[in-house]
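Here are my notes on the model you sent round. Have the coordinates open as you go through them.

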Amino acid sequence: MSATSEYDVLVFGSCIVDFISYVPRLPKVGETLHGTRFATGNGGKGANQCVAAARLGSRTAIIGKLGDDAWGRAYRDALAAEGINVSEVAIMPGESTGIAQINVADGGDNQIVIVTGANKRLEPADAESRHALLQRARILICQLETPLEGTIAALRAFNGISILNAAPAEEHLPDPLLSLPTIFCVNETEAALLTAVPEIVDIPQAKTALLRLRELGCRTVIITLGEKGAVFAENGSTTVYHVQPTKVDKVVDTTGAGDAFIGALAHFMGQHPDAALGNCIAAANHVAALSVQKPGTQTSFPRARDLQLPLDDLKALQDRWNSV
């Protein structure tokens, strides 16, 4: 990676169209509910994270696959309209665009089912054949909505700072997915599944899970905790830090909040390479907090002008985190 990277953030990952039903509460098994509203939107963790970074001002590109249908062509155009380089987003003949069925309750909770479609065709060759692009980026983001082999190949081919958002959760991940990323980031549910911690409901339990992930081979680890903020420990250190959350008066829709966090984290790390990781996480928490106050996924992601914190050097956030 050169000192003057062409892209601040490069995403290797998923593009999924969201079909969102708003309901009074989440349905029980076998239950039919009357919804209050229906909407469609663009989603998928990879594209979400790329859009989140782009809206904050990062130079972005994405490597992904869409179906040969109206949804796929419209999605590619929408990403380009966000200022994202989509030259490596392929339209796949014979494949459908990935979709997600999402229920959002009045309190903001959600449940999601995804059908990956063309995303399942994102393979090792798609990373290996784009070696030059991978070397022109400062930060790489990957997730687990596309085949693991392709993600591993992308992480191996990249020499800069890589962030793996290990979601959706899988109980047993291949060792390279634990050891290759510079930063391994999961939420409390995913961390509990990976570490066999029964449940993570407080900071001490999150710390236990984080140290277990380190034992499994992860380097720098971040566990996001929703309204409780996040915990992290950097590679080579056993000190665990808690980053306080940004207060939210009313949660409207939590869908995509984790993706807003990841995209913002990559943005702030790329724009402020000398900033403390805790400050970057605190800034990303703020972006995620703004996103949950609006409905939808990408539609809820803030732009740089929407931020309400003095983030020029991030030092103002130093008091947002401390060791635990």
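The points below go through the annotated sites and then some strands and single residues.

1. First, a reminder that we are looking at a predicted model. Everything below should be read with that in mind, including the annotations, which come from an unreviewed UniProt entry.

2. Let's start with the "binding site" annotation. UniProt gives it to Asp253, Thr255, Ser291, Lys294, Gly296 and Ser300. Do these residues gather at one spot or not? They span 48 residues in sequence, but no two of their C-alpha atoms are more than 9.7 Å apart, so in space they do come together. From this set, Thr255 is part of the lining of the largest pocket.

3. Lys294 is worth a click. It sits in the loop that runs between α10 (277–291) and β14 (321–323). With a relative accessibility of 43%, Lys294 falls in the partly exposed class. Leaving out residues up to four places away in sequence, Lys294 touches Val252, Asp253 and Ser300. Asp253 and Ser300 are themselves on the UniProt "binding site" list.

4. Gly296 also belongs to the loop between α10 and β14. Is Gly296 buried or exposed? At 7% relative accessibility it counts as buried, because the cut-off for that class is under 20%. Its contacts beyond four places in sequence are Tyr22, Asp253 and Thr255. Asp253 thus turns up here as a contact of Gly296, and it was on the contact list of Lys294 too.

5. Staying with the loop between α10 and β14, have a look at Lys315. This residue is exposed, with a relative accessible area of 63%. Lys315 and Asn279 are separated by 36 residues in sequence, yet their C-alpha atoms are 6.9 Å apart.

6. On to the "active site" annotation, for which the unreviewed UniProt entry lists Asp259. Asp259 is in helix α9 (residues 257–271). Its relative accessible area is 4%, so it is classed as buried. What does Asp259 touch, not counting residues up to four places away in sequence? The answer is Lys45, Asn48, Gln49, Ala52, Asn165 and Phe301. With Gln49 there is also a polar contact, side chain to side chain, at 3.0 Å.

7. Now the sheet. Four strands form an open sheet in the order β3-β2-β6-β7, and the pairing is mixed. Which strands stand at the edges? They are β3 (37–43) and β7 (110–115); each has a single partner strand, so one side of each has no neighbour in the sheet. From one strand to the next, the twist averages 20°. Within this sheet, β2 (residues 16–23) and β3 run antiparallel and are joined by 7 bridges. To find the register, look for Val17, which stands opposite Asn42 in β3.

8. Strand β1 (residues 7–12) is mostly covered, with 6 of its 6 residues buried. How many bridges does β1 form with β8 (residues 137–142)? There are 5, and the pairing is parallel. Phe12 faces Cys142 of β8. β1 also runs parallel to β4 (residues 60–67), to which it is joined by 4 bridges. On that side, Val11 stands opposite Ile62.

9. Thr220 is in strand β11 (residues 220–224) and is buried, at 7% relative accessibility. Its side chain reaches the backbone nitrogen of Asn235 at 2.9 Å. Beyond residues up to four places away in sequence, Thr220 touches Thr182, Ile183, Phe184, Ala233, Glu234, Asn235 and Leu277. Asn235 is thus both a contact and the partner reached by the side chain.

10. Last one: Arg130, which is placed in the loop between α3 (124–128) and α4 (131–134). Is this loop residue buried or exposed? At 15% relative accessibility, Arg130 counts as buried. Its side chain makes a polar contact with the side chain of Ser129, at 3.1 Å. Setting aside neighbours within four places in sequence, Arg130 is in contact with Ile63, Glu88 and Ala125. Ile63 lies within the residue range of β4 (60–67), the strand that pairs with β1.

How values were computed:
Residues are numbered from 1 along each chain as its sequence is written. This is a predicted model: local features need pLDDT of at least 70, side-chain atom pairs count only at pLDDT 80 or more; totals for chains, interfaces and linings use all residues. Side-chain values use heavy atoms; hydrogens and water are left out. UniProt positions are given in the numbering used here, feature names are shortened, and annotations may be inferred rather than shown by experiment. On a 1 Å grid over the protein atoms alone, a cavity is a set of points where a 1.4 Å probe fits but cannot get out, and a pocket is an open set with protein on both sides within 12 Å along at least five of seven lines; lining residues have an atom within 4 Å of a point. Helices (H or I, at least four residues) and strands (E, at least two) are DSSP runs, numbered from the N terminus. Buried means under 20% relative accessible area, exposed over 50%, partly exposed in between (1.4 Å probe, protein chains only). Contact means heavy atoms within 4.5 Å. Two strands pair if DSSP finds at least two bridges between them. Axes are lines fitted to C-alpha atoms, for helices over the stretch in contact, and angles run from 0 to 180 degrees between N-to-C directions. A polar contact is a pair of N or O atoms within 3.5 Å; within protein, one must be able to donate a hydrogen and the other to accept it, and residues adjacent in sequence count only if both atoms are side-chain atoms.
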